[in-house]
Amino acid sequence: MALREIPREKIPWYPTVDADVCIGDRQCVEFCKNGVFEWDEDRNRPVVMNPFNCVVGCSACANICPVDAIRFPSLQEIRDVIRRLREEVTAK
Ligand code: SF4
């Protein structure tokens with residue numbers, strides 16, 4: 001079964017931002033072309049507004065963040081989730 005056959009919302013892969021570490025340079029918002037982030041003008045921080053627009057396995061925004069404020073789950077964790085979801089579908 002291909003990954004696309006699993007509803008995206010069932011796969012918890014998306015960034016989280018540590019607002020205390022973030023320096024508000026907007027690089028992640030400008031970098032991500034999938035609209036995962038929006039900018040909170042009041043807080044001067046990014047908001048993960050559309051988490052499931054994030055491409056499963058992509059963590060490029062974390063790599064460009066100069067202060068390492070963006071986190072993702074571990075790839076192993078996501079592999080385990082996908083394996084379990086595939087087993088559930090196969091068992092039906
Ligand atoms: S790239 Fe990092 S420091 Fe810049 S706004 Fe995004 S989370 Fe904050």
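Reader: Where along the chain is the place of serine 59?
Author: Serine 59 sits in the loop between strand 3 and helix 2. Helices are DSSP runs of H or I with at least four residues and strands are runs of E with at least two, both numbered from the N terminus. Residue numbers start from 1 along each chain, following the sequence as written. The model is predicted: local features need pLDDT of at least 70, side-chain atom pairs count only at pLDDT 80 or more, and totals for chains, interfaces and linings use all residues.

Reader: How many helices and strands are there in the chain, and in what order do they run?
Author: The chain has three helices and four strands. From the N terminus on, the order is β-α-β-β-α-β-α. The C-alpha trace spans about 50 × 20 × 20 Å along its principal axes.

Reader: Why does serine 59 count as partly exposed?
Author: A residue is buried if 20 or more other C-beta atoms, placed from the backbone, lie within 10 Å of its own, exposed if 12 or fewer do, and partly exposed in between. Serine 59 counts as partly exposed because it has 15 C-beta neighbours inside 10 Å. Its C-alpha atom is separated by 12 Å from that of valine 36, 23 residues apart along the chain. Of the 92 residues of the chain, 13% count as buried.

Reader: Is cysteine 54, in the loop between strand 3 and helix 2, buried or exposed?
Author: Cysteine 54 is buried, because 22 other C-beta atoms lie within 10 Å. This cysteine belongs to the loop between strand 3 (45–48) and helix 2 (60–64). The C-alpha atoms of cysteine 54 and asparagine 34 are 6.7 Å apart, although 20 residues separate them along the chain.

Reader: Which residues does cysteine 54 touch?
Author: Two residues are in contact if their C-beta atoms, placed from the backbone, lie within 7 Å. Leaving aside residues up to four places away in sequence, cysteine 54 touches Trp13, Tyr14, Pro15, Asn34 and Val36. With the same exclusion, cysteine 28 touches Phe37, Pro46, Cys61, Ile64, Cys65 and Ile70. Of the contacts between residues at least 6 apart in sequence, 61% join residues at least 24 apart.

Reader: Which residues make up the largest nonpolar core?
Author: A nonpolar core is a set of buried Ala, Val, Leu, Ile, Met, Phe, Trp, Tyr and Cys residues joined through C-beta atoms within 7 Å. The largest one here has 10 residues: Trp13, Cys28, Cys32, Val36, Phe37, Cys54, Cys61, Cys65, Ala69 and Ile70.

Reader: Which residues come nearest to the ligand?
Author: A residue is near a molecule or strand if its C-beta atom, placed from the backbone, lies within 6 Å of it. There are 13 residues around the ligand, and Cys22, Asp25, Gln27, Cys28 and Cys65 come nearest.

Reader: How should a positive phi be read?
Author: Most residues other than glycine have a negative phi. Arginine 26, not a glycine, has a positive phi of about 70°. This arginine lies in the loop between strand 1 (16–17) and helix 1 (27–31), and it is partly exposed because 14 C-beta neighbours lie inside 10 Å. Asparagine 44 also has a positive phi, near 55°. With 13 C-beta neighbours inside 10 Å, asparagine 44 counts as partly exposed.

Reader: How are strand 2 and strand 3 joined?
Author: Two strands pair if DSSP finds at least two bridges between them. Strand 2 and strand 3 run antiparallel and are joined by four bridges; aspartate 40 has arginine 45 in strand 3 as its bridge partner. The two strands form a hairpin with four residues between them, and asparagine 44 is in the turn.

Reader: How many residues of helix 3 are buried?
Author: The count is zero among its 17 residues, so helix 3 is hardly covered. Helix 3 (residues 75–91) reaches 24 Å from its first C-alpha to its last, close to the 24 Å expected. The expected span is 1.5 Å times one less than the number of residues.
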